[in-house]
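Colleague: Got a minute to go through this one with me? I'd like to start with the empty space inside.

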Amino acid sequence: MKSADKLEVEALMERYFDGLYHSDSEVLRTVFHPKLAYINASEGNHEFMDIEAYMTRIDNREPPAKRCENRSESVDRVKLISRQMGLVEARMTMMGRDYQDLLTLIHTDAGWQVLTKVFAYQEKEG
């Protein structure tokens with residue numbers, strides 16, 4: 001039987017993937033902590049943003065759902081280190097790229113939230 005925390009993190013990740021697929025910043029704001037650190041670690045494309053800059057980017061892009069892209073995503077690992085912090089390793093494919101995400105989680109009064117999103121991508125072949 002899964003713990004309440006694991007179930008909450010699973011629901012968080014469903015909102016994460018849905019929010020990205022639909023480019024829905026309202027949904028993503030329920031996933032991310034207000035002090036989010038967004039870090040693109042892709043070779044030759046390092047970027048650092050706060051939540052407002054990232055949500056502006058989300059709002060200004062065409063959603064993969066609008067282009068009827070196939071959804072491909074997985075949660076490879078969830079590690080709850082304590083009742084207050086955790087780590088998620090996830091993968092997804094969208095916008096012609098394969099993404100690998102490392103998400104650090106913190107438990108707040110609002111529940112589990114992503115505090116840091118560190119990711120890298122590779123252009124999808126063919």
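Modeller: Sure. One thing up front: this is a predicted model. It holds one cavity of 30 Å³ or more.

Colleague: How much space lies in that largest cavity?

Modeller: About 40 Å³.

Colleague: Which residues line the largest cavity?

Modeller: Tyr21, Pro64, Glu69, Asn70, Arg71, Ser72, Glu73, Met92, Thr93 and Met94.

Colleague: Which strands supply at least two residues each of that lining?

Modeller: Strand 3 and strand 4. Strand 4 gives the largest share, three residues.

Colleague: And by class, what does the lining of the largest cavity have?

Modeller: Four nonpolar, three polar and three charged residues.

Colleague: OK, pockets now. How much space lies in the largest pocket?

Modeller: About 210 Å³. The lining counts 18 residues.

Colleague: Which of them lie nearest the centre of the largest pocket?

Modeller: Tyr38, Arg61, Met95, Tyr99 and Phe119.

Colleague: Which elements give two or more residues to that lining?

Modeller: Two helices, namely helix 1 (4-21) and helix 3. Then strand 1, strand 4, strand 5 and strand 6.

Colleague: How many charged residues are in the lining of the largest pocket?

Modeller: Six. The rest of that lining is ten nonpolar and two polar residues.

Colleague: Strands keep coming up. In what order do they form the sheet?

Modeller: The order is 2-1-6-5-4-3. That is six strands in an open sheet, with mixed pairing.

Colleague: Which strands stand at the edges?

Modeller: Strand 2 (47-49) and strand 3 (72-80). Each has a single partner strand, so one side of each is left without a neighbour in the sheet.

Colleague: By how many degrees are neighbouring strands turned against each other?

Modeller: By 15 degrees on average, direction ignored.

Colleague: Which strands does helix 3 touch when it packs on the sheet?

Modeller: Helix 3 (residues 51-59) touches strand 1 (32-40), strand 2 and strand 6 (111-123). Its direction makes about 75 degrees with that of strand 1.

Colleague: Back to strand 4. How many bridges join strand 4 to strand 5?

Modeller: Ten. Strand 4 covers residues 85-94 and strand 5 covers residues 97-108.

Colleague: Do those two run parallel or antiparallel?

Modeller: Antiparallel. In general, strands of a sheet can pair either way, through backbone hydrogen bonds.

Colleague: I have Arg91 on screen. What does Arg91 stand opposite in strand 5?

Modeller: Gln100.

Colleague: Great, that covers my list.

Terms used
Residues numbered from 1 in each chain as written. Predicted model: local features only at pLDDT ≥ 70, side-chain atom pairs only at ≥ 80, totals over all residues. Heavy atoms only, no water. Pairing = 2+ DSSP bridges. Helix = DSSP H or I, 4+ residues; strand = E, 2+ residues; numbered from the N terminus. Axes fitted to C-alpha atoms, helices over the stretch in contact; angles between N-to-C directions. Contact = heavy atoms within 4.5 Å. 1 Å grid on protein atoms, 1.4 Å probe; cavity = no way out; pocket = protein on both sides within 12 Å on 5 of 7 lines; lining within 4 Å. Points joined across faces, edges and corners; volume = space filled by probe spheres on them. Nonpolar A, V, L, I, M, F, W, Y, C, P; charged D, E, K, R; others polar.
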